[in-house]
Amino acid sequence: MAKRSSIYILSVFVPIWTFLICSFCKELSLIRKCRNIDSSYTSLSQRVKEQYDSNRRRNYFPEVKLSRNSYEDYTLNYRRQNDYGHVYPRENATILMLVRNSELEGALDSMRSLEDRFNNKYHYDWTFLNDVPFDEDFIEATTAMASGKTQYALIPSENWNRPQWINETLFEERLRAMEDEGVLYGGSKSYRNMCRFNSGFFFRQTILDNYDYYFRVEPNVEYYCDFPYDPFRIMRLKDKKYGFVISLYEYEETIPTLWHTIEEYLEANEGAILSKEDSAYAFLTDSGLVGKHYPIVEASSDYNLCHFWSNFEIGDLNFFRSDEYKNFFETLDAKGGFYYERWGDAPVHSIGVSLLLRPDEIIHFDELGYFHSPFGTCPASYAVRLDQRCRCRSNDESVIDIAPHSCLMRWWKNGSGKFFLKEK
Ligand SMILES: Nc1nc2c(ncn2[C@@H]2O[C@H](COP(=O)(O)OP(=O)(O)OP(=O)(O)O)[C@@H](O)[C@H]2O)c(=O)[nH]1
Ligand SMILES: *[C@@H]1O[C@H](CO)[C@@H](O)[C@H](O)[C@H]1NC(C)=O
Ligand SMILES: *[C@@H]1O[C@H](CO)[C@@H](O)[C@H](O)[C@H]1NC(C)=O
Ligand SMILES: *[C@@H]1O[C@H](CO)[C@@H](O)[C@H](O)[C@H]1NC(C)=O
Ligand SMILES: [Mg+2]
């Protein structure tokens, strides 16, 4: 009986138990193996995620030394300090657009872009100026597009139209002559009003009395990248008076006698304004080699024709409202060159700020992407372009930054210098 039962145990229970024990062990080792696979997958995916995220700006890396066209140490201080529900502090500033009713569509394009890239967080006021009253459609559509308050002002005709003392015969003659020469806007009367207004009268509009800073915007421009900071805040904290993004050479045929007038002005005001050494005078006059390039245009005066492209500018209104700048403008205006020639507000502003300010009071906003036909600027660094959601390629033909027809490198050489990020 005992024998039969032991045989029974051996033949039935042992295999069953062996099987069960083996399965159990196998299971155990499988679980073990799975754990290993799991953890390796987990760590792998973590690594991939980190790599991916850092490329995709999810975990921003403040330690990296970024390379753009030049390097400034102020930028990172402002970088995404304000994400998630933070109230964005505002400066005493307005966005400013001189525009015609007929340019509504282009105005909305520019507004949409600037709102997306910058103002939707800050809600700065938009101020619109026009030499004729804005129509209802314009006011309605731009107010709808703005995230901040909007206000509209009519420019007094004495700030816009030709003064009485302009010799109409001479004016008409010069207009025809410049048109025949094929000078850009050479035959346009309204363009001249616009240039003179922007040179000497925009800052006198009473609607701007309430502000310290303005940001000039034109219709049909685009801001390629998110703003990594509030440029108005940079202006105030860094004590800047004028900011630009693009600098290039002016058409000399629009300003044949401008520099001669400037020379007279400099002589008459010697001692009353900054010396040539203390101002950015050298930026206007150096025509030496920069990199591989001499100036691409041969100027017939000491002025190298470099100017800041004024369709983008961020400025301190108190500077323009100063007696010094007004006196500068009035000296030029008295020559009639805004009408007998076609002096642009870009060279006038540029020469004004370069003579009356120290180079360190003028700022090149390096990391702002921008386009106004036919030129643009785009951050050179791939990381910066991803970080700021740029939609530009820095090697695009329209991007002028370090092209031979750009004056940016001259600004680095003879203006404020080229700054490098301090290592953190
Ligand atoms: N209200 C008003 N605005 C004007 C007039 N002429 C020009 N502007 C504005 O002044 C600015 C400069 O004029 P633009 O025509 O853009 O001149 P530009 O930038 O030199 O040349 P393009 O943009 O290439 O045509 C823009 O904001 C225009 O909307 C005008 O007669 N009336
Ligand atoms: C106006 O300009 C014309 C053409 O140059 C000139 O002949 C005329 O004398 C000028 N008139 C005055 C009042 O200066
Ligand atoms: C804003 O600037 C204007 C012009 O400088 C000044 O009069 C005004 O007091 C400032 N407002 C504030 C709130 O600082
Ligand atoms: C511009 O800068 C260069 C290099 O510092 C200098 O040699 C040159 O004299 C400067 N130009 C002027 C007009 O000062
Ligand atoms: Mg324009």
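This is a short dialogue on reading a predicted model.

Reader: Where should I begin if I want to understand the nonpolar core, and which residues have the most contacts inside the largest one?

Author: In soluble globular proteins, nonpolar side chains tend to be buried together. In this structure the largest nonpolar core has 87 residues, and M97, Y213, Y214, Y224 and Y370 are those with the most contacts inside it. Helix α14, which spans residues 345-356, supplies the largest share of this core, 6 residues.

Reader: Which residues is Y214 in contact with, leaving aside its neighbours within four places in sequence?

Author: With those neighbours set aside, Y214 is in contact with A93, T94, L96, L208, G315 and L317.

Reader: How should I read the surroundings of a ligand, and which residues are around ligand 1?

Author: One can list the residues and then sort them by class. Around ligand 1 there are L98, V99, R100, E103, N130, D131, S190, M194, E218, P219, N311 and S373, and this shell divides into 4 nonpolar, 4 polar and 4 charged residues. Around ligand 3 the list is N92, N210, Y211, D212 and N318, with 1 nonpolar, 3 polar and 1 charged residue in the shell.

Reader: Why does P404 count as partly exposed?

Author: The class rests on counting C-beta neighbours, and P404 counts as partly exposed because it has 14 of them inside 10 Å, where 20 or more would make a residue buried and 12 or fewer would make it exposed. P404 lies in the loop between α15 (382-387) and α16 (408-414).

Reader: What does P404 touch, not counting residues up to four places away in sequence?

Author: On that count, P404 touches H293 and I296. P404 and V290 are 114 residues apart in sequence, yet 9.3 Å apart in space from C-alpha to C-alpha.

Definitions and conventions: Residues numbered from 1 in each chain as written. Chains lettered and ligands numbered in written order. Predicted model: local features only at pLDDT ≥ 70, side-chain atom pairs only at ≥ 80, totals over all residues. Near = placed C-beta within 6 Å. Nonpolar A, V, L, I, M, F, W, Y, C, P; charged D, E, K, R; others polar. Core = buried A, V, L, I, M, F, W, Y, C linked by C-beta atoms within 7 Å. Helix = DSSP H or I, 4+ residues; strand = E, 2+ residues; numbered from the N terminus. Contact = placed C-beta atoms within 7 Å.
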